[in-house]
Every structure is written in structure tokens, then in C-alpha cells.
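Visitor: I am new to this structure and should like a close look at its interior. Could you take me through how the strands pair, what packs together inside, and where space is left?

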Amino acid sequence: MPSRTCAACTVLAAYRSRFHSDCKRLRLVPYRVVLYACVRTDLLTADKVAPACVPVSVAEPKFPFSRPSGTAPPAEYAKLRKQCPLSQVRLWDDSKMWMVVRHKDVCDVLNDPRFSKIRTHPGFPELNSGGKAAAAHRATYVDMDAPEHTRQRGMVEPLFDRKNIDSLRPSFQKTVDECLEKMIKGGCQEPVDLVEKFALPVPTQIIYRLMGIPKKDMDFLTSKNAVRTSASGTARDKSAASNDLNEYVSNLVDSKVKEPKDDLISKLVEQMNKGNLDHEDVVQLTFLHLVAGNATMVNLIALGVVELLQHPQQLEDMKKEPKLVEPMVEELLRYHTSSALATRRVADQDVELLGQVVKKNEGIYASNMSANRDESVFKDPDTFDIHRSPGPQLGFGYGEHVCVARWLARAELQCVFGTIFQKLPDLKLAVRFDKVKYSEPDQDVGITELPVTW
């Protein structure tokens, strides 16, 4: 019986027979062929791989990859983890981007200062024309490298550290209770959209209060942000909504200059008064915290509800043992990497990585979604299991750019899932699971509408 071998290995061996092992040309060719062989074919018997297949030129697969259905991660990631941990993909503008998919390699890239987060750096990989245009705006710490990143992030980090967030948990719980009671009071004679009535208002109200947004303005901001982030909105509508938000934020900053309070915007104004920031910095930082991460939280709440309803025994276990809420949230963050496209970098010098050279000004993507399904780190990674021992999930990223609001996100989710099924033990979907409306398959995983009854 002929031995079974990966087609990529056979192709690579053929190249090695043609080029001297020290020849630099060898580094430039194989991964185009290896990527094709690994992703586009199954294992082949060695005797079926003809030498003639070696010089065939094949384009890199287009990225972003698409989920095959529902919340399932793109199938390409599992194949690449096993067969081709460093590869190249082609983006919307026909540029190429390197990609790592294994947990260790993802951590290494995100922790390597030779890979820059600056979006205006030549070669930084943008996923669409809108991203390219946004990169030209005034940068905030999320798109800076040290030391500028460290300096600016340090101005807001104390508000989001674990100790301060823990002190605010009672106010988070109050928000969850109020939103839930309002939804319950409205009744469910007709199915209720959990996204609109609960998953959206909870994180929105929490971050607005932390920032010091007047309550009377919350509905206006929520509606404008909804237009700005809508998948179905026109470019003109989105641009108009963004301009309205920027104008609002600029005026709000001016009001905080006159009457500072104990909130995030006032703390940024304080840094401006010390000469550490200018007015535009404060506006951009305020805008960042106003919108960043909100959609992620909305999606995680909706995804968590669906996942628990699909696993009724685990839901019952959590109802009986409230301490399971914490591991449930960690498992949710691992299983549904709802912010999976932000971990992109660009090399600011040649970097040797996994036997290849990522050249200066070449982009790279460290897939935290793939890392969260790495079989070498998580047992049965494609199984949702709240009894799993918490592992090193990368839902918040890794390294110096790990999400600054990770403790806030955890606290919100713990309040939500420690409450909703206690107050609504009979909560159920008003549609079949296969009829749930998910985000577009090439976008971050999320739920756009979730009809429920109780």
C-alpha cells in the first residue's frame, strides 16, 4: 500500500531537488504552492503527484475567509493549522498578507515589537477601502506603537483596570436589571427582538455612563452609531452619521472643559489641560471609546443566549451553580471570537518566522479566531463546554495591544448571564436555530436579530 503524504510536502520536495538548499530562491516559491496544496487539496498518495504539477502557478486564496454556515469558523483555518501554519492570502486590492494560525505563533507575532500596529505604515493590511480611508484619520493608542502607545493608553487604562471595574459592578448589575425589567414589562404577546431590547441597550448604557454621556443624548447616539455600523447602510448615510457623531463629541468635549466631572471624558480633558493631549486627541479618544467594542458586546450577549439554549444541560448546570457563569463567559469568548479581524500588523523590518522571511513593509494577520480553536491547546476545541478548565483564550487579543476594556467586558457578560436565565427561566427562541439571522459570513460573527419569547 503506498504511503500517504501531504501533496504540499511532495511539491516542496520536488522544489528542493531543483534548487540548492541554500538558495534564497527556495524561500520565495514554496509557500504559494504549499498553500494551494494544503488548502485546496486533500492528502494524496505520493505516486499520484506528478512532477509536472510542480511549476503550476496558483493564486493565493482571497481573504477574509467565509464561515460555511451560522457561527462555524472558516474551514480554511483548521486545514492551515495542520498543514501550513504560515501562508499568504490575497486582499480586496490584490495585495498580499501573511497569516499565522496556531496559538503559539499568533501570540509570538502579537508580542513581537518588530510587527507594527501603525495603520499608515507602508504595507499595513486593510480589509476594504473604508479601512484604508479610516487609517488616514488622527490615530489613537490602538493604532500606535510604543512608546506613544504606552503613554496614551496609560491615560485611560486606570479607569478600565480590574480593581476599578469590580468597584463598578453594582452599577452594571443595575443597568442589566433595568433593561431586563423594561423588556419584560413590554410583554411577549409577539416575539421580542432580544438584540434590540436587551443586548444592545446594556453595553451601550454602561459605556455611555462611564464616559459621562448625558442620559438625554443616549438615544441620539445609539441611533447614529447603528447607522454608522449597519451592514446594509449606504456609504453616504454612514459618512453622515460619522460626521454627526464627531460634531457631537467635539461639542461634548467643550462642555467637559467648562464643567468637568468624574468620568472618562473629563479625565481626558484633564490630560489636555496638562499639555499631554490636544483637543483633537480628546475628540478621537472619546469617539474611540464611544463606538469601539460595542458591537462586539452586543454580539456576544446574543451568541451566548443562543449557545446556552442549544446546550440545555449546561444551561441547567449554570442555573443551579451560579459560579459557572465565569467559566461560561471565558468559554464564550474562546468559542465565539467575535472580534477576529483586528489582529493585523506590518513588519517594520525583515523578520524570520517559521522558516520564511516576512519582509519589511509586508502585512501579517495573526488569527485569534484560529488560535482559539487550536487542537494543541484546547481539547475538543469545536465543542462548546462551560465545564472546560479556563485556558489561554485570545478573544481580547494578546500582548501590549490586548483589549484595554477586557475586564469591563467580562464584568458585563457575567452580570448578563448571571441574571437573564434566572429572571427568565423559560426564555426560548421564537424561530428555529437554523433560522437565526447571523452577520455576513465574511464579517465578524454576530447576530443581527434574535426573536424570543418567555
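Guide: Two strands are said to pair if DSSP finds at least two bridges between them. Strands (E, at least two residues) and helices (H or I, at least four residues) are DSSP runs, numbered from the N terminus. The model is predicted, with local features needing pLDDT of at least 70 and side-chain atom pairs counting only at pLDDT 80 or more, while totals for chains, interfaces and linings use all residues. Residues are numbered from 1 along each chain as its sequence is written, and side-chain values use heavy atoms, with hydrogens and water left out.

Let us begin at strand 7, which covers residues 344-347. Its side chains alternate: Arg 344 and Val 346 point one way, Arg 345 and Ala 347 the other, and all are buried (under 20% relative accessible area, where over 50% is exposed and anything in between partly exposed, using a 1.4 Å probe and protein chains only). Strand 5 (residues 115-116) pairs with strand 7 in the antiparallel sense over 2 bridges; here Ser 116 has Val 346 as its bridge partner. Strand 7 also runs antiparallel to strand 10 (residues 363-366), and 3 bridges join them. In that pairing, Arg 345 is matched with Ile 364.

A second set of strands forms an open sheet of 3 strands in the order 6-14-11, with antiparallel pairing. At its edges lie strand 6 (192-193) and strand 11 (428-429), each pairing on one side only. Strand 11 is joined to strand 14 (residues 451-453) by 2 bridges in the antiparallel sense, and Lys 428 has Thr 453 as its bridge partner in strand 14.

From this sheet we may pass to Leu 450. Beyond its neighbours within four places in sequence, Leu 450 is in contact (heavy atoms within 4.5 Å) with residues that include Asp 193, Val 195, Ala 302, Val 306, Leu 429 and Val 436. Leu 450, Phe 198 and Phe 417 touch the most other members of the largest nonpolar core, which holds 86 residues. Such a core is a set of buried Ala, Val, Leu, Ile, Met, Phe, Trp, Tyr and Cys residues joined through side-chain atoms within 4.5 Å. Helix 16 (residues 294-310) gives the most to this core, with 10 residues. Apart from it lies another core, of 16 residues, among them Leu 86, Val 106, Val 109 and Ala 371. In soluble globular proteins, nonpolar side chains tend to be buried together.

Finally, there is the space left inside. A cavity is a set of points, on a 1 Å grid over the protein atoms alone, where a 1.4 Å probe fits but cannot get out, and its lining residues have an atom within 4 Å of a point. Points are joined across faces, edges and corners, and a volume is the space filled by probe spheres set on them. By this rule there are 5 cavities of 30 Å³ or more. The largest cavity holds about 100 Å³. Of its 15 lining residues, Phe 65, Pro 74, Leu 341, Met 369 and Gln 443 are the closest to its centre.

The second largest cavity holds about 70 Å³. Its lining includes Glu 330, Glu 331, Arg 334, Phe 378, Asp 385 and Arg 388.

Conventions:
1 Å grid on protein atoms, 1.4 Å probe; cavity = no way out; pocket = protein on both sides within 12 Å on 5 of 7 lines; lining within 4 Å.
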